[in-house]
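Reader: Hi! I have a model open on my screen and would love some company while I look through it. Could you walk me through a few parts of it?

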Amino acid sequence: MSEKHAHHGAEVDEHAGHHSHAQHHEHNAHQGHGTHTEHGGHETHTGHDHAGHTDHGGHGGHSGHEGHGDHVGQFRRLFWIMLVLAVPVVGFNDMFAHLLGYHLPDAEWVWWVSPILGTAIYFWGGWPFLTGGLSEIRSRKPGMMLLIALAITVAFLASWGASLHILHHELNFWWELALLVVIMLLGHWIEMRSLAQTTSALDSLAALLPDEAERVDGDEVVKVAPAELRVGDVVIVRPGASVPADGKIVDGSASMDESMVTGESKTVRREAGENVVAGTVATDSGLRVEVTATGDDTALAGIQKLVTDAQASSSRAQRIADTAAAWLFWFALGAAVITALAWTLLGMPDAAVVRTITVLVIACPHALGLAIPLVVSIATERAARGGVLIKDRLALESMRTVDAVLFDKTGTLTKGEPTVTAIDPIEGRDEDDVLALAAAAEADSEHPLARAITGAARSKKIQVPKASDFSSSPAVGVKATVDGAVIEVGGPYLLDQQNRDELPVADQWREEGAIILHVLADGDVIGALRLADEIRPESRDAVDALHSAGAQVVMITGDAQAVADTVAKDLGIDRVFAGVRPEDKAAKVKELQDEGRKVAMVGDGVNDAPALAQADVGIAIGAGTDVAIGSAGVILASSDPRSVLSVFELSRASYRKMKQNLWWAAGYNLISVPLAAGILAPIGFVLPMSIGAILMSASTVVVALNAQLLRRLNLDPAASARRLLNRSE
């Protein structure tokens with residue numbers, strides 16, 4: 001620390017542990033900006049164990065066809081080809097012609113159209129389902145693919161039997177087989193397209209990187225692919241261009257659009273020496289950036305990996321869906337056996353075959369397979385677009401049950417940097433006059449307290465006079481000549497040197513845990529400045545909204561009790577843990593859990609890692625570019641504490657959708673299977689197989705559309721706070 005950095009040191013030291021408080025700020029600032037590039041990528045890969053995740057990737061538990069699970073194009077092409085083949089199969093089928101009452105040409109080739117094209121449809125169009133069913137048999141996990149394969153195989157064999165006059169001609173099911181395969185392919189195509197849309201957040205992240213970078217080689221500028229950049233290279237970023245790799249600005253300053261990382265649309269000013277992230281855009285001027293991380297080590301790669309991991313991770317709700325699918329298979333098989341036996345015993349073997357096939361077709365729990373993965377994928381992607389990165393799906397599911405939210409104070413509820421919060425001038429002086437003189441004296445200092453004073457003058461738009469003869473003394477303060485007067489700003493040592501007393505207000509401020517500086521003109525005290533860690537304006541809304549959502553709000557901090565109580569009183573926080581060392585924070589989380597509470601811990605992720613890991617839901621807030629935090633299940637890219645409310649809302653909304661989809665998908669099967677079996681046959685109602693197939697695909701579409709409604713949820717933190725507050729009124 002240079003001399004002019006150190007001039008307020010002792011004053012901070014004298015006041016109830018403020019030295020450590022200031023160190024904490026500097027440590028946080030350093031951690032937040034300085035280390036993410038070194039550690040970001042590695043922690044992303046090592047911080048979270050995904051070994052236990054099951055293979056729901058791509059198709060939500062249809063383990064049979066991961067190989068073509070996300071090939072939307074394949075299902076689209078297959079659907080159209082099968083539709084073209086299905087038209088003549090249905091049109092030239094004598095059973096269909098008989099149903100609609102039209103006559104087919106009396107030629108031998110007409111008889112061959114349905115069997116030949118129907119066989120092609122079975123093997124070609126049905127291939128994804130047949131291989132999927134086989135895979136489920138091999139893994140001994142019967143599910144929906146096996147049911148579809150069973151249904152089309154039974155229909156195929158029965159139809160050939162009827163065509164060759166081995167079985168009754170009413171079992172000529174070629175047209176139902178063709179329609180079933182076409183409808184199933186349509187359902188799959190819709191499902192694949194929906195799942196593919198949920199990865200658009202990843203695609204848009206990947207698209208943020210420029211196609212080429214301009215690397216400085218000696219006196220030349222060479223265009224290279226971002227992948228060719230190495231740590232230590234210097235690149236030029238033109239106005240309006242995006243940064244090709246994480247790095248440090250070595251020349252220039254620019255307003256950076258960091259919305260891809262933080263979700264905040266407001267640009268942030270970045271100067272020489274500050275870090276910039278791959279994919280962010282220099283909006284107004286050019287920069288020279290020294291590369292500090294490339295490839296998998298960049299923050300962008302970290303974000304992409306988090307979103308991918310979240311979309312691949314299993315969850316409790318997914319396991320419920322898989323269990324339900326397995327039960328439904330046995331339910332369908334049992335229903336089919338009972339149906340076959342019942343109709344056979346009634347002396348109607350042909351009806352037994354028809355009803356049994358219909359039961360097997362209708363029992364396909366296809367919508368069930370779509371119900372959960374689609375909701376979670378859309379929720380994950382929706383969150384990523386709003387600056388909320390869901391790293392662990394279980395964290396998202398658990399958030400709705402949270403009834404205690406534990407906030408770290410510094411850098412979370414507060415800005416983590418000192419700010420002028422009060423000015424006390426002596427009689428004959430006004431606040432602006434004292435602040436202007438203090439800012440003039442501090443103008444050449446780089447100390448955090450000096451920056452707070454000059455910043456306060458700027459924000460009040462006060463005209464600051466020019467100063468000369470600046471000097472600073474470590475642990476004492478600064479001195480400069482302003483308008484002919486010697487102005488000094490400092491702590492207790494300065495007053496001791498000048499043999500001056502503090503102003504009376506200092507005692508009250510000290511009790512509140514504030515930092516106190518006095519301003520002297522020609523050796524006389526003209527006023528005092530109160531500096532404290534400024535509370536974020538959004539923190540009040542966050543606390544109020546959490547109260548209205550039924551959660552207790554608790555604050556934890558390493559600061560003295562006086563400082564903590566002041567902040568807690570201002571924000572209306574229910575409980576305070578003060579003077580807690582970083583390594584003891586996890587014990588406080590455990591203490592709340594032992595009271596029977598579900599705890600969400602919200603911290604900056606730097607020194608809160610054990611507490612974030614201990615909590616039921618760990619939320620790292622304001623992580624900005626440091627997205628590779630292994631201990632948090634949810635990472636909020638912005639520093640707005642109201643973002644916690646967005647997670648709350650998203651958790652509740654996605655759980656609601658999961659429940660609706662599960663009930664719709666399973667309920668449909670439970671009602672339609674008995675109807676297909678012919679339970680209402682005594683009163684003359686029998687569900688036709690074709691109608692069953694159409695209804696089954698309709699249920700899949702309903703589930704898909706219901707999940708898509710999640711996209712309408714506005715995850716803006718301010719909007720979430722407003723909704724929760726309005727609900728309580």
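Reader: Let's jump in at α18. How many residues does it have, and how far does it reach?

Author: Happy to! This is a predicted model, and in it α18 has 12 residues and reaches 16 Å from its first C-alpha to its last. That is close to the 16 Å expected at 1.5 Å a residue.

Reader: Is α18 enclosed or exposed, and why?

Author: It is largely enclosed by the rest of the structure, because 9 of its 12 residues are buried. Among them are V434, L435 and A436, and the list runs on to E442.

Reader: I see D432 there too. What does D432 form with K460?

Author: A salt bridge, with the closest N and O atoms 3.6 Å apart. The pair links distant parts of the chain: D432 sits in helix α18 (residues 431–442), while K460 is in the loop between α19 (448–459) and β13 (467–473), 28 residues apart.

Reader: And how accessible are those two, D432 and K460?

Author: D432 is partly exposed, with a relative accessible area of 39%. K460 also counts as partly exposed, at 41% relative accessibility.

Reader: How many salt bridges does the structure hold?

Author: There are 21 of them. In general, side chains of opposite charge can pair when their charged atoms come close.

Reader: Nice. What about D640, which residue does it form a salt bridge with?

Author: With R642, and the closest N and O atoms are 2.9 Å apart there. D640 counts as buried at 9% relative accessibility, and R642 is buried as well, with a relative accessible area of 15%. Elsewhere, R215, D217 and D233 are joined into one network by salt bridges that share partners.

Reader: And R270, which side chain does it meet in a salt bridge?

Author: That one is E274, at 3.2 Å from N to O. R270 is buried, with a relative accessible area of 13%, whereas E274 is partly exposed at 28%.

Reader: Changing topic to the strands. What is the order in the open sheet of 6 strands?

Author: The order is β2-β1-β3-β9-β4-β7, and the pairing is antiparallel. At the edges stand β2 (220–224) and β7 (275–276), each with a single partner strand, so one side of each is left without a neighbour in the sheet.

Reader: How many bridges join β4 to β7?

Author: Strand β4 (residues 246–251) is joined to β7 by 2 bridges, and the two run antiparallel. If you want a spot to click on, K248 stands opposite N275 in β7.

Reader: Found it. Which strand does β1 pair with over 2 bridges?

Author: β1 (residues 213–217) pairs with β3 (residues 234–237), in the antiparallel sense. There, E214 has I236 in β3 as its bridge partner. β3 is also joined to strand β9 (residues 287–293), by 4 bridges and again antiparallel, with V234 standing opposite E290 in β9.

Reader: Handy. Now the membrane side: where does UniProt place the feature "transmembrane region"?

Author: The unreviewed UniProt entry places it at several stretches, including residues 78–97 and 109–131. In the model, residues 78–97 are 90% helix and 0% strand, with the end C-alpha atoms 26 Å apart. Residues 109–131 are 96% helix and 0% strand, and their end C-alpha atoms are 32 Å apart.

Reader: Which helix does W112 lie in?

Author: Helix α6, residues 108–125. This helix has 18 residues and spans 26 Å from its first C-alpha to its last, close to the 26 Å expected. W112 is partly exposed, with a relative accessible area of 36%, while buried residues in α6 include V110, V113, P115 and G125.

Reader: What kind of patch does W112 form on the surface, and with which residues?

Author: A nonpolar patch, together with W111, I116, L164, I166 and L167, and the six have about 600 Å² of accessible area together.

Reader: Last one! How far apart are M184 and G125?

Author: They are 59 residues apart in sequence and 9.4 Å apart in space, C-alpha to C-alpha. M184 is in helix α9 (residues 174–198), and it is buried, with a relative accessible area of 1%.

Definitions and conventions. Residues numbered from 1 in each chain as written. Predicted model: local features only at pLDDT ≥ 70, side-chain atom pairs only at ≥ 80, totals over all residues. Heavy atoms only, no water. UniProt positions renumbered as here; feature names shortened; annotations may be inferred. Patch = residues over 30% accessible without salt bridge, like charges linked within 9 Å, V, L, I, M, F, W, Y side chains within 5 Å. Areas by Shrake-Rupley, 256 points an atom, 1.4 Å probe, with all protein chains shown as cover. Salt bridge = Lys/Arg side-chain N within 4 Å of Asp/Glu carboxyl O. Buried < 20%, exposed > 50% of the residue type's maximum accessible area, 1.4 Å probe, protein only. Expected span 1.5 Å × (residues − 1). Pairing = 2+ DSSP bridges.
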